[in-house]
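Me: I am new to this structure and would like a close look at a single part. Please keep the sentences short.

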Amino acid sequence: MNVFEELKARNLVAQCTDFEQTERLLSGPPIKFYIGFDPTADSLHIGHFVQAIVMSHMQRAGHIPIALFGGGTAMVGDPSGKTDMRPMMTREIINHNINCFREQMSSMVDFSEGRAIMVNNADWLLGLNYVEFLREIGVHFSVNRMLAAECYKARLEKGLSFFELNYMIMQSYDFLHLNREYGAVLQMGGDDQWSNMIGGVELCRRCDGREVYAMTSSLLLTSEGKKMGKTERGAIWINAARTSPYEFFQYWRNVADADVINCMKMLTFLPLEQIADYECRSGSALNEVKELLAFEVTRLIHGARAAEEAMAAARALFGGGLEGGGVPTTTLSYADFSENGALDILTALTLSGLAKSRGEARRLVDQGGVFVDDVKVDSIAFTIPRETLEKAPVMLRKGKKGYCRLKI
């Protein structure tokens, strides 16, 4: 099985400008390909991880990845899928985010000499002469075709600024530059970037008469078609300070039964034959598969030790123990208790982060979804005595998946 077939079998191929030629290209001598990452935060998220997995599959097949960090394109901001313009970031913030990306990406892809390349499009975009750029590059873009692209549709109702309209041209120019400077012949990325990627393919052909290709990977979706990688607390981040290894592990341990096999294909390097053996499982028999998925994804991002600790914490938690050091913990001070030495349940929920406000905490209690050490909280008058916490931590639970250990 060549790498193209491997990616297809793992649901990592969605669209391609030329399937037949791209498969032929990937079955031959090593090529250079690139994937772009705009530094909109100080951490990669799970959507970026899918692209890192694609890079790794390609690298294992002998091809050379170029990780493109969008220091220039982030100055404008990708309008794809957005109903409002992205907030503008300063160069200082963008550079800080890129440094974070570089460090995180290095733990997932081999960037040793000759194996892969990191570049920043600020190096060639920020110094361009605007009029010359319009004459050489802008002339090849039809505004009518650009406005029909998926990446701009969501912005048209509220108004698309000329500022944002430049994003596609800038990203397309990246492909032209990387083809000229590094010989990159393939751009890869998420399926939501399809319109931008086509722009780069056509620009290379119109400017230099060169045939290059684009191939997107499927987005990580649930069986209901919703994007995965978000929780009530926000995105699932690669940075352990933003999403702890335990929370990361628990997210994948708790995926829906209908999604576990697809996640295993897309997010791990487990052999497809092994994954196929799990497809016939259902119900409680899938629990072992979910734990394996959670362990493998956590190991790839946070390392084997963190994955083992997260798994041990989860097992201790669900087994009734509190020994797992990876369980999210809130440390209380004596000032958090009332004068009579009690912690009310609404305060407990907000301090732990399981509820964003006392109003939300009240609704959770009213709906019957709050538990303290597996005792259901049936009233907002429920309190936890300080003496109880002085003896041992207690476990606060919201629904089936939200846990926080409380201690003094």
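In what order do the five strands of the open sheet stand, and is the pairing mixed or not mixed?

Reply: A word on the source comes before the details. This is a predicted model.

The order of the five strands is β8-β14-β13-β10-β11. Together they form an open sheet, and the pairing is mixed. Take the edges next. Strand β8 covers 329-331 and strand β11 covers 375-376. Each of these two has a single partner strand, so one side of each is left without a neighbour in the sheet.

Now move inside the sheet. Strand β10 spans residues 370-372, and strand β13 spans residues 394-398. These two strands pair in the antiparallel sense. Three bridges join them. One residue to find here is Val370, whose bridge partner in β13 is Lys398.

Lys398 also leads out of the sheet, to Glu360. Glu360 lies in helix α17, which runs over residues 358-366. The side chain of opposite charge nearest to Glu360 is that of Lys398, 4.6 Å away. Glu360 has no salt bridge, yet Glu360 is buried. The cut-off explains the missing bridge: a salt bridge needs a side-chain nitrogen of Lys or Arg within 4 Å of a carboxyl oxygen of Asp or Glu. What else does Glu360 touch, leaving aside its neighbours within four places in sequence? Glu360 is in contact with Leu354 and Ala355.

For context, look at a helix elsewhere in the chain. Helix α12 takes in residues 260-267. Seven of its eight residues are buried, so α12 is largely enclosed by the rest of the structure. The buried residues are Val260, Ile261, Cys263, Met264, Lys265, Met266 and Leu267. They pack against several helices, among them α1, α3 (46-60) and α14 (287-302).

The surface offers another view. Tyr130, Val131, Leu134 and Phe162 form a nonpolar patch there. Their accessible area together is about 410 Å². Helix α6, residues 130-136, gives the most to this patch, with three residues. Tyr130 is found in α6. Tyr130 is partly exposed, at a relative accessible area of 44%.

One loop residue rounds off the tour. Asn11 sits in the loop between α1 (3-9) and α2 (19-26). Its phi is near 60°, a positive value in a residue other than glycine. Asn11 is partly exposed, with a relative accessible area of 32%.

Definitions and conventions
Residues numbered from 1 in each chain as written. Predicted model: local features only at pLDDT ≥ 70, side-chain atom pairs only at ≥ 80, totals over all residues. Heavy atoms only, no water. Patch = residues over 30% accessible without salt bridge, like charges linked within 9 Å, V, L, I, M, F, W, Y side chains within 5 Å. Areas by Shrake-Rupley, 256 points an atom, 1.4 Å probe, with all protein chains shown as cover. Helix = DSSP H or I, 4+ residues; strand = E, 2+ residues; numbered from the N terminus. Buried < 20%, exposed > 50% of the residue type's maximum accessible area, 1.4 Å probe, protein only. Lys, Arg positive; Asp, Glu negative; His and termini not counted. Contact = heavy atoms within 4.5 Å. Pairing = 2+ DSSP bridges.
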